[in-house]
Amino acid sequence: METQTINTIKKLTKTKERISGSEAIVRCLIEEGVDILYGYPGGAIMPVYDELYKYQDKIHHVLTRHEQGATHSAQGYARISGKVGVAMATSGPGATNLITGIADAQIDSTPMVCITGQVPSHLLGSDAFQETDIVGISTPVTKWNCQVTKAEDIPEALAKAFYIAKSGRPGPVLVDITKDAQFNEFDFSYEKCTKVRSYNPVPTTDISKVEEAAKIINAAKKPLIVWGQGVVLSEAEEQLIAVVEKAGIPAAWTILGASAIPTSHPLNIGMVGMHGNYAPNMLTNECDVLIAIGMRFDDRVTGSLETYAKQAKVIHFEIDPAEIDKNVKTDVAVLGDAKVGLDALLPYLKENSHNEWHQKFKDLYAIEYEKVIKDDLYPTKEGLTMGEVLKEINIQSQGKAAIVTDVGQHQMVACRYADFNVTKSNITSGGLGTMGFGLPAAIGAKMAAPEREVVSISGDGGYQMTIQELGTIFQQKAAVKVVVLNNDFLGMVRQWQQLFFDKRYASTEMVNPNFVAIAEGYYIKAKKVTKREELAPAVKEMMESKEAYFLEVCVEKEDNVFPMIPSGASVSDIRLE
């Protein structure tokens, strides 16, 4: 009896150990299952790096070449693994260099925890060397942030950070820790956070709303599903496919939702949005029921809100109540996790096929194929197209590679033409549109999923914004396949200048360096392709390489990406040329 009492007391009493705040930070990361950390050291975070040195067998630190690269790598890691990505930097410029990646993660709902060092607490507000109010700066672009000035507050702050970053609609969190808090000692114990007062990350799904949605869907003659990244984040891919197949509903995707349903699935009818497919864009304004699942009606998807799907009843499955009626008025809102909502919906749905409705999508696809797709994938002109590069990658990867893109024309081409036959295969900067995202994000993706082929696709503009991360690839021996589609222009801006500014190519033509020599300078095998007959063998060699590989493909200078919805126009105003 006495032994049982002692054991009970032991269970109820948290084991405490006196350690420094900096060691506590590392121990907290280990408790949260962090195995890879991206960062860049400096004075205000040096105590933590000193402790990391002792824990190299538990946490692998990746020294990126710029703090922005650390955040994008953490994003790539999070997007392909489903875990929280972690980035770390020093105070001042180190911390501010994280902001672009944090803002990107916020708008794209990527779970990330950023840890920054800060000047000692007695110097706060004194304009000390490398002091910056990173909490104030990051407030608009984080899901939550805080500053820690006492060592004993570190475990609770980090536990809360990981919980908030991952729960509900994910997002980035920043914890700023003063240098004295890192040095001071306290009695350490760690308890994971499972609840925060007044924070309800996942609304309870109302079954009556599910039933109401099912009645509308069952009565529909021309239903259309548009799904977004919420499906991927909630791991509801199987549920979405089951709903689509049972109800026979054509389903389209936003760029962040790509890969939730395989490209090869017959009910996957393509991408919506500014450079999306012709049929789903046109027929958005003809459907009688629009079912939005885990997407936020971004302006690049809707075009003019005054004309968007006004004839349709709108059903919105969404985890974030703030998104309901924000842009598009809904008839039925089903709050909660997408997986829960779709699971609840499935039994209420009637089996259907909607054959005549599907034929309209096929007819419009045939028009798009003749006017756009055929020339992109099977060109007769001399110059190489971006589309045919993606076609060759599809052939060599069988649609199983993770495609990580930068931002621009190549991004839209990759989203349109890459075969996404495995979920979590399209990693791109959606809402913020961050040039420079692709290369470092591909590093994080490859390190999170070393068994998968990871192909980074960039334009010559965005690539040079984070080109220094080739050093990270070399040092980490990350077998990323890097493709640069080089048209010697900032292609997307040039396209707009051609179409809407009378070909006044102001500050968009690039005078580029020798990309192959730069890659070889980082000891990465590299090749340049300028002719069609060189393309297939080069892509094959790249994909078969067991190490990192750089491939530059020189494409047509003035190729445009079509279809295209002009900014502010209706989705029905989509242009094919």
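Buried here means under 20% relative accessible area, exposed means over 50%, and partly exposed is what falls in between (1.4 Å probe, protein chains only). By that yardstick, 59% of the 577 residues of the protein are buried. You are looking at a predicted model, where local features need pLDDT of at least 70, side-chain atom pairs count only at pLDDT 80 or more, and totals for chains, interfaces and linings use all residues. Residues are numbered from 1 along each chain as its sequence is written, and side-chain values use heavy atoms, with hydrogens and water left out.

**The whole thing**

Start zoomed out, in cartoon view. The protein has 24 helices and 20 strands; these are DSSP runs numbered from the N terminus, with helices being H or I of at least four residues and strands E of at least two. Its radius of gyration is 25 Å, close to the 25 Å that the globule rule gives for 577 residues, so the protein is as compact as a globular protein of that length. (That radius is taken over C-alpha atoms, and the rule is 2.2 Å times the number of residues to the power 0.38.) The C-alpha trace spans about 75 × 60 × 45 Å along its principal axes.

**The sheet**

Now pick out the open sheet: 6 strands, paired in parallel, in the order β11-β10-β9-β12-β13-β14. Two strands pair if DSSP finds at least two bridges between them. Select 268-271 and 332-335 for the edges: β11 and β14 each have a single partner strand, so one side of each is left without a neighbour in the sheet. For a close-up of one pairing, take β10 (residues 251-253), which joins β11 in the parallel sense over 2 bridges. There, Ala-251 stands opposite Asn-268 in β11.

Add 237-247 to the selection. This is helix α12, which packs on the sheet and touches β9 (223-227), β10 and β12 (289-293); its direction makes about 170 degrees with that of β9. Axes are lines fitted to C-alpha atoms, for helices over the stretch in contact, and angles run from 0 to 180 degrees between N-to-C directions.

**Two cores**

Next, show side chains. A nonpolar core is a set of buried Ala, Val, Leu, Ile, Met, Phe, Trp, Tyr and Cys residues joined through side-chain atoms within 4.5 Å. In the largest one, of 100 residues, Ile-225, Trp-227, Leu-290 and Ile-293 touch the most other members. Helix α16 (residues 355-377) gives the largest share of this core, 6 residues. Apart from it lies another core, of 47 residues, including Tyr-38 and Phe-437.

**Helix α3**

Select 46-54. Which residues of helix α3 are buried? Pro-47, Val-48, Tyr-49, Glu-51 and Leu-52 are. They pack against several elements, among them β1 (17-20), α2 (21-31) and β4 (85-89).

**Odd spots to finish**

Glu-31 sits in helix α2 and is partly exposed, at 43% relative accessibility. Leaving aside neighbours within four places in sequence, Glu-31 is in contact (heavy atoms within 4.5 Å) with Tyr-190 and Lys-192.

Most residues other than glycine have a negative phi, and most peptide bonds are trans. Go to Glu-235, in the loop between α11 (229-233) and α12: its phi is positive, near 55 degrees. Lys-424 also has a positive phi near 55 degrees, in the loop between α18 (409-417) and β16 (426-427). Is Lys-424 buried or exposed? Lys-424 is buried, with a relative accessible area of 15%. Last stop: the peptide bond from Phe-562 to Pro-563 is cis, with omega near 0 degrees.
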